[in-house]
Amino acid sequence: QTRSAWLQEIQADRIRLNEQPVSPDFPLTAGDILSYYPPENLEPEVDREYDIVYEDDAILVIDKPGNLPCHPGGRYFAHTLWGLLKTREGLEKIHFVHRLDRETSGLMLIAKDPETARICQAQFEAGTVRKVYQVLVEGNFPSEPVIADGFLIPDADSPVRKKRRFISSDAEAPIPDQSQSCRTLFRLLDHQGPLSLIEARPETGRLHQIRATLCSMGYPVVGDKLYGVDDTLFLRFIEDRLTPEDRIRLRMDRQALHASELGFRHPRTENKLSFGIPCPAEIDSIFRRIHFLLKNAAR
């Protein structure tokens with residue numbers, strides 16, 4: 001922006017020095033924190049209806065909706081879980097122990113201080129945290145449990161640079177140097193027509209692990225622009241060019257991935273805590289609609 005535009009931002013109290021109003025001629029010194037709070041109308045709208053499942057003086061367990069970023073980045077600042085927790089709950093310090101993608105719903109663990117966050121993160125790194133997801137995919141998933149043990153690598157065939165691909169550890173092809181090992185347990189929960197509802201239990205915590213693994217196995221995630229039926233949908237989505245036909249192929253507005261269960265030891269008491277929440281209505285309704293169509297078609 002121009003100098004005059006930044007002056008207007010200062011006058012509107014959207015630029016602060018050490019969380020205090022500042023004048024344009026105030027000198028900065030080492031250690032000062034300069035913050036910018038853009039107008040909310042510049043940010044995309046989100047689903048702000050999160051629920052607090054559990055809270056004490058050390059942690060929060062949040063049920064995050066499916067269209068809400070966790071932390072500021074890109075076009076999002078106030079319209080994030082971080083921003084909402086600061087304004088609604090009055091939390092000064094927020095430490096995300098782990099994160100969910102913007103379009104993934106479900107349970108998240110948040111610490112209220114750095115030491116608590118460190119203890120909780122150590123549990124995730126040690127693999128002692130119980131994480132269970134429900135995910136709706138295209139295709140008829142096997143009735144027997146599936147163990148997907150292998151590696152995630154960049155998908156060189158995709159037009160989207162950040163997309164990843166899963167390679168089974170049994171594959172004969174050489175594994176690139178930039179690969180990451182991963183392991184996920186999958187189990188079929190229900191099947192309706194062309195769709196399967198499955199349970200996913202990741203034993204490692206890699207970026208896009210569940211979505212990339214399922215896509216590479218031939219079961220693209222419903223509603224997923226990147227790991228769904230066609231990754232060019234992602235390019236049209238970020239350019240705001242999705243067509244009505246694209247939205248029909250996606251079946252829903254966000255990826256059908258939900259963090260349904262979370263279990264860990266309390267960072268202070270070491271008591272075992274376990275939380276579970278049902279699959280949200282927007283995922284369940286797709287299943288019920290498919291069942292209704294199949295039932296009517298059979299008449």
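A residue counts as exposed when its relative accessible area is over 50% and as buried when that area is under 20%, with partly exposed in between. Keep that in mind while selecting Asp240, in the loop between α5 (232-238) and α6 (244-250): at 68% relative accessibility, Asp240 is over the limit and therefore counts as exposed. The phi of Asp240 is positive, near 60°, although this residue is not a glycine. Please remember throughout the tour that this is a predicted model.

**The whole chain**

Zoom out and colour the chain by secondary structure, which gives 7 helices and 14 strands. Along its principal axes, the C-alpha trace spans about 70 × 50 × 45 Å. The chain has 299 residues, and buried residues make up 45% of them. If you display contacts between residues with a separation of 6 or more, 62% of these come from residues 24 or more positions apart.

**A loop near the start of the numbering**

Select Asn18 next, in the loop between β1 (15-17) and β2 (20-21). Asn18 has a positive phi of about 55° without being a glycine, and with a relative accessible area of 37% it is partly exposed.

**Thr80 and helix α2**

Move to Thr80, which sits in the loop between β5 (59-64) and α2 (81-88). Is Thr80 buried or exposed? Its relative accessibility is 0%, so Thr80 counts as buried. Show its side chain, and you will find that it reaches the backbone nitrogen of Gly83 at 2.9 Å. Leaving out residues up to four places away in sequence, Thr80 touches Leu68, Pro69, Cys70, His71 and Pro72.

Continue into α2 itself, where Leu81, Gly83, Leu84 and Leu85 are buried. To see what covers the buried residues of α2, show the elements around the helix, which include β5, β6 (95-96) and β7 (105-111). Just after α2 comes Gly90, which takes a positive phi of about 70°.

**The nonpolar cores**

Stay with Leu81, since it is among the residues with the most contacts inside the largest nonpolar core, a set of 40 residues; the others named with it are Leu85, Ile110, Phe186 and Leu214. Helix α4 (residues 209-217) supplies the largest share of this core, 4 residues. Not counting residues up to four places away in sequence, Leu81 touches Tyr50, Ile62, Lys64, Leu68, Pro69, Cys70, Phe96, Met108 and Ile110. Apart from this core lies another, of 16 residues, and you can find it by selecting Ile59, Ala111, Leu273 and Phe275, which are among its members.

**Helix α3, side by side**

Select residues 114-126, helix α3. At 1.5 Å a residue, its 13 residues should span 18 Å, and the C-alpha atoms at its ends are 18 Å apart, which agrees. Where the helix starts, a side-chain oxygen of Asp113 comes to within 3.2 Å of the backbone nitrogen of Glu115.

Now turn the view to look down the helix axis and highlight Thr116, Ala117, Cys120, Gln123 and Phe124, the buried residues of α3. Their directions fall within an arc of 120°, so these residues line one face of the helix. Pro114, Glu125 and Ala126 are exposed on the other side. The elements that the buried residues pack against are β5, β6, β7, β8 (130-138) and β13 (257-265). Following α3, Gly127 has a positive phi, near 75°.

**Pro267, far along the sequence**

From α3, select Pro267, in the loop between β13 and β14 (272-276). Pro267 and Gln123 are 144 residues apart in sequence, yet their C-alpha atoms are 9.2 Å apart in space. Pro267 is buried, with a relative accessible area of 8%. Its contacts, leaving aside neighbours within four places in sequence, are Ile59, Thr116, Ile119 and Cys120.

**Last stop: the cysteines**

How many disulfides does a search of the whole structure find? The search finds 0. Select Cys182, for which the nearest cysteine sulfur, that of Cys215, is 13 Å away. A disulfide here requires sulfur atoms within 2.5 Å, so a distance of 13 Å leaves Cys182 in no disulfide. Cys215 is likewise in no disulfide, and its nearest cysteine sulfur is that of Cys182. Both are worth colouring by accessibility: Cys182 is buried, with a relative accessible area of 3%, and Cys215, at 19% relative accessibility, counts as buried too.

Note on methods: Residues numbered from 1 in each chain as written. Predicted model: local features only at pLDDT ≥ 70, side-chain atom pairs only at ≥ 80, totals over all residues. Heavy atoms only, no water. Helix = DSSP H or I, 4+ residues; strand = E, 2+ residues; numbered from the N terminus. Buried < 20%, exposed > 50% of the residue type's maximum accessible area, 1.4 Å probe, protein only. Polar contact = N/O pair within 3.5 Å; in protein donor to acceptor, adjacent residues only side chain to side chain. Contact = heavy atoms within 4.5 Å. Expected span 1.5 Å × (residues − 1). Arc of directions from axis to C-beta. Core = buried A, V, L, I, M, F, W, Y, C linked by side-chain atoms within 4.5 Å.
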